[in-house]
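Biologist: Please take a close look at one part of this model and then set that part in the context of the whole chain. A connected account would serve better than a list.

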Amino acid sequence: MGDGTRDVDADRRPGRRALIVGGAVAAVGTAALAREELSRLWWRLPGVERPRVAGAVDFRGARWIAASPANYRRADRPDDYVIDRVVVHVTQGGYASAVKAFEDPGHQAAAHYIVREDGQVTQMIRELDVAFHAGNREYNERSVGIEHEGFVERRSSFTDAMYASSARLTAGICGRYGIPVDREHVIGHVEVPGTDHTDPGPYWDWERYMGLVRRAGQARPR
């Protein structure tokens, strides 16, 4: 969401996988669909939906508020798309305005999480789903997006509580998916190819943050 602009998934048209499934259904008996591909995508067939538990969160202690379904794509990650990135964003506004934007189907963007100034974590999209947060389809499919309440031009936006809470969140994501804790895999929105966003900006302390993520990862139960 950074810089206060909408962040649209690069293409909202049916992807290659959806087209493959649609073609297979239309031509039953005349074309074969690879067993592995079909096993990933059975739930995309018309009338079939992967089961969800209402209000379930991936980060213990997170508050659940659902984003509009228009702002993400249902998926079965990491089975259909490998998750190998965390993308750090800044909302360029307050927490309430970010939640409202992600609930709005016209916004056309949302991140998986928002971390409030006081460290409270809100999850709005399940990690298994593809959030429209990076402005790049490939990066959306392979990443988890974390928004942080505040402004890129205000150092004071990034509180001790925010850093600590966000670091625990990122450490958990990296641990779940085997993501290396380094700056190649934990990146800012500004580093996504093709983006015109600048967040998290010059006042986000990457050295401090990555140190906190590493320590939080070491403290996680094995």
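Where is the place of Pro78?

Modeller: Pro78 is placed in the loop between strand 2 (72-73) and strand 3 (85-88). The model is a predicted one, in which local features require a pLDDT of at least 70 and side-chain atom pairs count only at pLDDT 80 or more, while totals for chains, interfaces and linings use all residues. Residue numbers start from 1 along each chain as its sequence is written, and side-chain values rest on heavy atoms, with hydrogens and water left out.

The peptide bond that joins Arg77 to Pro78 is cis, with omega at about 5°. A cis peptide bond also joins Asp199 and Pro200, where omega is about 10°. Pro200 belongs to the loop between strand 8 (186-188) and helix 6.

These loops connect elements of a chain that has 6 helices and 8 strands; helices (H or I, at least four residues) and strands (E, at least two) are DSSP runs numbered from the N terminus. In sequence order, the pattern is α-α-β-β-β-α-β-β-β-α-β-α-β-α. Of the 222 residues in the chain, 50% are buried, where buried means under 20% relative accessible area, exposed over 50%, and partly exposed in between, with a 1.4 Å probe and protein chains only. Among the contacts in the chain with a separation of 6 or more, 77% are between residues 24 or more positions apart; contact means heavy atoms within 4.5 Å.

The loop that holds Pro200 also contains His197, since His197 is found between strand 8 and helix 6. His197 is buried, its relative accessible area being 5%. Its C-alpha atom is 9.3 Å from that of Ala134, although 63 residues separate His197 and Ala134 along the chain. Another long-range pair is Arg154 and Gly201, which are 47 residues apart in sequence and 9.2 Å apart in space, C-alpha to C-alpha. Arg154 sits in the loop between strand 7 and helix 5 and is partly exposed, with a relative accessible area of 44%.

Two further loop residues have a notable backbone angle. Gln92, in the loop between strand 3 and helix 3, has phi near 55°, a positive value in a residue other than glycine. Gln108, in the loop between helix 3 and strand 4, likewise has a positive phi, about 65°, without being a glycine. Gln92 is partly exposed at a relative accessible area of 21%, and Gln108 is partly exposed at 27%.

Helix 3 itself (residues 95-103) has Tyr95, Ala98, Val99, Ala101 and Phe102 buried. These residues span an arc of only 160° around the axis, which places them on the same side of helix 3; the arc is taken over the directions from the helix axis to the C-beta atoms. Ala96 and Lys100, on the other side of helix 3, are exposed. The buried residues of helix 3 pack against strand 1 (63-64), strand 4 (113-115), strand 5 (121-123) and strand 7 (143-148).

Helix 6, which follows the loop of Pro200, is engaged with helix 5. Helix 5 (residues 160-177) and helix 6 (residues 206-219) pack at an angle of about 50°, with axes 8 Å apart; axes are lines fitted to C-alpha atoms, for helices over the stretch in contact, and angles between N-to-C directions run from 0 to 180 degrees. The two helices are therefore oblique to each other (under 35 degrees is roughly parallel, over 145 roughly antiparallel, 65 to 115 roughly perpendicular, and the rest oblique). Helix 5 passes helix 6 in a right-handed crossing, that is, the near helix is turned clockwise from the far one by less than a right angle, anticlockwise being left-handed.

Helix 5 contributes Asp160, Tyr163, Ala164, Ser166, Ala167, Arg168, Thr170 and Ala171 to the contact, and helix 6 contributes Arg208, Tyr209, Leu212, Val213, Ala216 and Gly217. These residues divide into 8 nonpolar, 3 polar and 3 charged (Ala, Val, Leu, Ile, Met, Phe, Trp, Tyr, Cys and Pro count as nonpolar, Asp, Glu, Lys and Arg as charged, and the others, Gly among them, as polar). Within helix 5, Ala167 is buried, with a relative accessible area of 1%. Apart from its neighbours within four places in sequence, Ala167 is in contact with Tyr209, Leu212, Val213 and Ala216. Ala167 and Val213 are 46 residues apart in sequence, yet their C-alpha atoms are 4.5 Å apart.
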